[in-house]
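The following paragraphs lead the reader through one protein chain, beginning with a local detail and moving outward to the whole. Please keep the sequence and the model in view while reading.

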Amino acid sequence: SSGWAPDPPRRTQERIHRRIADTLTGWRSWSEAHLGYRGPWEREVDQSGRVLRALTFAPTGAIVAAATTSLPESVGGERNWDYRYTWVRDTSFTLQALATATCDVEEAEFFTFLARASATQLDQGADLQIMYGVGGERDLSERPLPHLTGWRDSAPVRVGNDAWRQRQIDVYGELLDAAGLLHRNAH
């Protein structure tokens, strides 16, 4: 058996333009449905809602802290980590931003994701983790990708984040605060 799959069919210019048009239509429709906030900084609040939506993994409702990995603190630096995970410590702020931006469905889906990931962890008798993968993954072991040079030669490029192994007791409070916030927003 061959180790290579057949090449996928080439995308035509027409198909590419149609996909771009569909994407624009989808984003415009979503944005128009989420224009319920009235108050200071309306444009910025609306934009924040769109950014959070773009950082959402739709199948599970997980919202990641970053869309890419290994962007360095300084050009050429080694302090570049993978933040493509849901961090429990950010949950209250994320839910508050979603509520303000009138993203009720996204707010509920995000909390459901986090509650499911946390409950699974706690049911196993383990400490609550500080972060989860977009599918609720718990093992986020870090590894370098030495064949990649990174942005502006900022190596190493990493996937995974060993911070998942840290025991941080404050995440219980963060999760409870998020649940309380969601409860208050529902009433």
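In this predicted model, Tyr83 has a relative accessible area of 32%, and is therefore classed as partly exposed. Trp87, by contrast, counts as buried, since its relative accessibility is 6% and the limit for burial is under 20%. Two aromatic pairs are counted in the model.

One aromatic pair is formed by Trp27 and Trp30, whose ring centres are 6.0 Å apart; their planes meet at 70 degrees, so the arrangement is edge-to-face. That class applies because the angle lies over 60 degrees. Both residues belong to helix α1, which covers residues 13-33, and because they are three residues apart there, about one helical turn separates them. Their surroundings can be described separately: Trp27 is partly exposed, with a relative accessible area of 31%, whereas Trp30 is buried at 12%. The rings of Tyr83 and Trp87, the residues introduced above, have centres 5.6 Å apart and planes at 40 degrees, so this pair is tilted. An angle of 40 degrees falls neither under 30 degrees, as stacking would require, nor over 60 degrees, and therefore belongs to the remaining class.

The backbone also deserves attention. Most residues other than glycine have a negative phi, and most peptide bonds are trans. Against that background, which residues other than glycine have a positive phi? Ser70 is one of them, with phi near 65 degrees. Ser70 lies in the loop that runs between β2 (62-63) and β3 (86-87), and is buried, with a relative accessible area of 3%. Asp153 is another, with phi near 60 degrees. Asp153 is placed in the loop between β5 and β6, and at 58% relative accessibility Asp153 counts as exposed.

The loop between β5 (143-144) and β6 (158-159) also holds Pro156. The peptide bond leading from Ala155 to Pro156 is cis, and its omega is near 10 degrees. Thus the loop between β5 and β6 contains Asp153 as well as Pro156.

These details can now be set within the chain as a whole. The chain has five helices and six strands. How are these elements ordered along the sequence? They follow the pattern α-α-β-β-β-α-α-β-β-β-α. Along its principal axes, the C-alpha trace spans about 55 × 45 × 40 Å. Of the 187 residues in the chain, 33% are buried. Among contacts with a separation of 6 or more, 58% are made by residues 24 or more positions apart.

At the surface, the chain exposes about 12000 Å², of which carbon and sulfur atoms supply 55%. The chain carries 21 positive and 25 negative charges, and the mean positions of these two groups are 6 Å apart.

Finally, an unreviewed UniProt entry annotates residues 56-178 as "domain: GH15-like". Over residues 56-178, the chain is 32% helix and 10% strand. The end C-alpha atoms of that segment are 17 Å apart.

Terms used: Residues numbered from 1 in each chain as written. Predicted model: local features only at pLDDT ≥ 70, side-chain atom pairs only at ≥ 80, totals over all residues. Heavy atoms only, no water. Helix = DSSP H or I, 4+ residues; strand = E, 2+ residues; numbered from the N terminus. Buried < 20%, exposed > 50% of the residue type's maximum accessible area, 1.4 Å probe, protein only. Contact = heavy atoms within 4.5 Å. Areas by Shrake-Rupley, 256 points an atom, 1.4 Å probe, with all protein chains shown as cover. Lys, Arg positive; Asp, Glu negative; His and termini not counted. Charge placed at Lys NZ, Arg CZ, Asp CG, Glu CD. Phe/Tyr/Trp six-rings, centres within 6.5 Å; stacked < 30°, edge-to-face > 60°. UniProt positions renumbered as here; feature names shortened; annotations may be inferred.
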